[in-house]
Structure formats: structure tokens, C-alpha cells
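I had a free hour and wanted to get to know this structure properly. Here are my notes, in the order I looked things up.

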Amino acid sequence: MKSHAVVFTARNQVEYREVDCPDPGANDVVIDVEYSWISNGTEGSFLRGERESGDTAWNEGDPLPFPIVAGYQKVGVITHVGADVTKFSVGERVFAVMSQFEGLFCEYGGHVSPSVCAVDQVHKLPAGADPVACSGAVLTQVGYNCGTRPRIKPGQLAVVVGDGLVGQWTGQALKQRGARVVLTGRHDDRLDKFRNGGWGETLKVKGSGVEEVKEIAGGPVEVLVDTIGKMSLYDDYLPIMAHGGTVVSAGFYGTADRLPIQTYRFQELAFDLCAGITYERVDETLAWIAEGKMDTLGLITHHFPVEQAAEAWKVIENKTDNALGVVLDWPASRK
């Protein structure tokens with residue numbers, strides 16, 4: 001079947017064009033997409049040719065991963081269900097992850113409509129949930145994961161490095177657990193969103209931020225979360241980490257991803273690696289969004305018609321317009 005998708009055709013080249021998708025099978029559904037949320041970090045690294053697939057870094061000599069359909073998160077309405085599908089029905093609004101393609105470097109991706117999805121890539125929206133608020137739920141659940149997995153007690157200090165989407169949602173999740181949260185970053189507008197939303201304290205920093213944190217900490221850092229992919233943070237923060245504290249990694253390190261475990265073991269630090277996805281965790285995150293325990297709408301800075309996806313990426317990559325949450329609006333949302 002024919003669909004339209006946001007396609008990365010080469011490094012820094014974006015097109016909205018027709019693509020081929022397989023006909024839906026017995027365990028597939030077809031979704032008319034209304035909104036899809038760009039993952040600025042992950043998709044951006046693919047667009048720049050820094051990744052080969054998933055979390056696998058591209059190395060010199062590897063094939064460039066083009067053309068590919070970018071993305072992995074969207075909301076829309078089911079228009080077809082396969083013969084063996086019992087969980088979903090036509091007309092139901094759902095959240096979906098990966099869709100299927102033919103004839104591209106990778107046969108899975110996100111920004112496409114109509115979208116052919118296996119049932120294990122599709123989630124029911126909670127009753128009354130705002131579809132736009134839920135359209136970035138894969139990325140939101142990374143923040144949920146970063147904030148709910150580390151060991152922390154109410155009142156203990158958690159430092160989140162990076163004021164992007166994952167950093168914002170990580171801080172929100174830690175706040176829900178009663179932690180004292182400090183978000184560090186470089187963007188006044190993003191830090192203002194976090195602080196004014198009542199999620200915690202903020203620090204504008206140029207480097208690692210460890211000196212600024214030391215000035216206000218009043219005690220050890222129980223949880224350190226890296227959302228920017230900077231290995232030197234671990235050494236920088238080690239002197240002020242609590243014994244038995246937790247380091248959470250949600251960054252992409254490319255080929256510079258070697259960690260000297262011996263340096264940290266006598267401080268008995270735990271490491272949580274939080275870049276993945278589980279079906280149950282997406283459902284939990286959708287519930288938190290619907291209940292107002294995590295804010296997504298307040299982090300959206302731009303909407304673009306999907307036909308202008310290339311313009312959306314210019315705004316994101318050029319960093320000229322303080323883009324944070326960027327949502328693509330599909331024709332189905334205009335009906």
C-alpha cells in the first residue's frame with residue numbers, strides 16, 4: 001500500500017514523500033495519523049549520520065543509513081484491523097510506535113500515514129487523554145524510566161543534567177517521588193519552564209555544573225542523571241556523589257562509551273541505563289500524562305504541518321528558535 005512519510009534521504013536532507021508499506025497482515029492495524037512528535041536528539045543524530053541503527057553508532061566505513069523514515073511516536077485513529085486483532089477496533093484513537101515499510105534502508109520507522117503497525121506497537125489511550133499530549137509518549141517514557149528507576153528517598157537530592165525533553169520529564173518523575181530536584185542546563189526559557197512549573201530548582205551552567213551544584217547542594221548527590229551523553233560528567237560529580245548513590249545514563253555517547261568501573265566501585269555506585277522501551281512502561285507513562293503527573297503540552301514550542309517537515313528540521317538543527325517539543329500535524333488532524 002502507498003503512504004506518505006518524513007524521509008531522511010541523506011545527511012541533513014529531509015523530504016515528505018510517498019513510500020511503500022506492506023499490506024496489513026492478520027495481526028496488524030492501519031492508523032490514520034493525526035500527530036507525531038519529533039525526537040530532536042535521536043532523530044537528529046540519525047539525520048546527521050551519527051547512528052547506524054538504534055543505539056549503534058556509525059563508524060567510518062559503515063554504510064550510511066539512508067533513506068530511512070524518521071521517528072517512532074504518533075497518535076491517530078484506527079481505520080483497519082487484521083483478522084486476528086481483538087484488542088483494538090476501527091475508529092479507536094491510539095498511540096503507536098514503529099510502522100512497517102518496504103524498499104528503505106530500515107523497514108521500520110515512525111512518521112508515516114496511513115501507518116501499518118503490529119499490535120504490539122499500539123497502545124490504547126487512557127479515557128479523556130489529550131491526543132497531542134500523548135503523541136510523544138516513547139520519549140516521555142524514557143524520562144519516566146530515568147525518574148522512577150533510581151534508588152531515592154523523599155527529600156534526597158537528584159541532579160538532572162540537560163534541560164531538553166528527557167531532562168524535563170526525568171525531573172518531573174523524580175519530583176513525583178518526593179526528591180529535591182535540580183535541573184541544570186544552558187537555556188533560560190527551558191529552565192524557566194521547569195522552575196515555573198513547580199518541578200524543582202534550576203541552574204544555568206556552562207560546563208558540567210558541578211561547582212554550581214556544590215554551592216547549593218547542602219549534602220551529597222543521591223542521584224545523578226546524564227541526558228546529554230557526556231562521559232566526563234561521571235568523574236566531575238564523583239566527589240559529591242553519595243556513597244551508594246545512583247548514576248542514570250540516558251545520553252548517546254557514540255563511540256566514546258567506555259566506563260572505568262574500577263573508578264566507581266568502591267563508592268558502591270549503581271548505574272541505571274535508561275534509553276529503552278517496554279510496552280508496560282509506555283502504558284504507565286500514558287496514564288501519568290492523562291492524570292497530569294507529567295506535563296507534555298507545556299513543553300511544545302512548535303507545530304508544523306507534516307508537509308513542512310523539512311522546515312521543522314531547519315528550526316531544530318539551526319537552534320535559532322529555541323525549539324523544544326516539535327509536533328507534526330497530519331491531514332487527519334485537520335478533518
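The entries below go from the whole chain to two single residues and then to the charged pairs.

**Entry 1: the whole chain**

I reminded myself at the start that this is a predicted model. I then looked up the secondary structure and found 10 helices and 21 strands. For overall dimensions, I noted that the C-alpha atoms fill a box of roughly 60 × 50 × 35 Å along the principal axes. How does the radius of gyration fit a compact globule? For 335 residues the expected value is near 20 Å, and the protein has 20 Å, so the two agree.

I also checked burial, and 52% of the 335 residues are buried. The exposed surface comes to about 14200 Å², with carbon and sulfur atoms supplying 49% of it. Among contacts with a separation of 6 or more, 68% are between residues 24 or more positions apart.

**Entry 2: Trp-58**

Next I picked a tryptophan. Trp-58 sits in the loop between β5 (56-57) and β6 (68-69). Is Trp-58 buried or exposed? Its relative accessible area is 17%, and buried means under 20%, so Trp-58 counts as buried.

I listed what Trp-58 touches, leaving out residues up to four places away in sequence: Arg-11, Gly-49, Glu-50, Arg-51, Glu-52, Pro-63 and Leu-64. I also looked at Gly-254, which is 196 residues from Trp-58 along the chain, and found their C-alpha atoms separated by 7.7 Å.

**Entry 3: Asp-226**

My next stop was an aspartate in a strand. Asp-226 belongs to β17, which covers residues 221-226. Which side chain of opposite charge is nearest to Asp-226? I found Lys-230, at 8.7 Å. Asp-226 is buried and has no salt bridge.

I then looked for a backbone partner, and the side chain of Asp-226 reaches the backbone nitrogen of Gly-229 at 3.0 Å. Beyond four places in sequence, Asp-226 touches Val-161, Leu-233, Tyr-234, Val-248, Ser-249, Ala-250, Gly-251 and Tyr-253.

**Entry 4: charged pairs**

Side chains of opposite charge can pair when their charged atoms come close. How many salt bridges are there? I counted 14, and I wrote down a few of them.

Lys-2 pairs with Asp-20, with the closest N and O atoms 2.5 Å apart. This pair links distant parts of the chain: Lys-2 is in strand β1 (residues 2-10) and Asp-20 in strand β2 (residues 13-20), 18 residues apart. Asp-20 has 32% relative accessibility, so I logged Asp-20 as partly exposed.

Arg-17 forms a salt bridge with Glu-15, and here the closest N and O atoms are 3.7 Å apart. I noted Arg-17 as partly exposed at 29% relative accessibility, and Glu-15 as partly exposed at 37%.

Lys-204 and Asp-188 form another salt bridge, at 3.2 Å between the closest N and O atoms. Lys-204 lies in strand β16 (residues 201-204) and Asp-188 in helix α5 (residues 188-196), 16 residues apart, and the pair links distant parts of the chain. Lys-204 is partly exposed at 48% relative accessibility, and Asp-188 is partly exposed at 42%.

My last note is on a network: salt bridges with shared partners join Arg-48, Glu-50 and Glu-317. I had already met Glu-50 in my list of residues that Trp-58 touches.

Notes
Residues numbered from 1 in each chain as written. Predicted model: local features only at pLDDT ≥ 70, side-chain atom pairs only at ≥ 80, totals over all residues. Heavy atoms only, no water. Helix = DSSP H or I, 4+ residues; strand = E, 2+ residues; numbered from the N terminus. Buried < 20%, exposed > 50% of the residue type's maximum accessible area, 1.4 Å probe, protein only. Contact = heavy atoms within 4.5 Å. Lys, Arg positive; Asp, Glu negative; His and termini not counted. Salt bridge = Lys/Arg side-chain N within 4 Å of Asp/Glu carboxyl O. Polar contact = N/O pair within 3.5 Å; in protein donor to acceptor, adjacent residues only side chain to side chain. Rg over C-alpha atoms; globule rule 2.2 N^0.38 Å. Areas by Shrake-Rupley, 256 points an atom, 1.4 Å probe, with all protein chains shown as cover.
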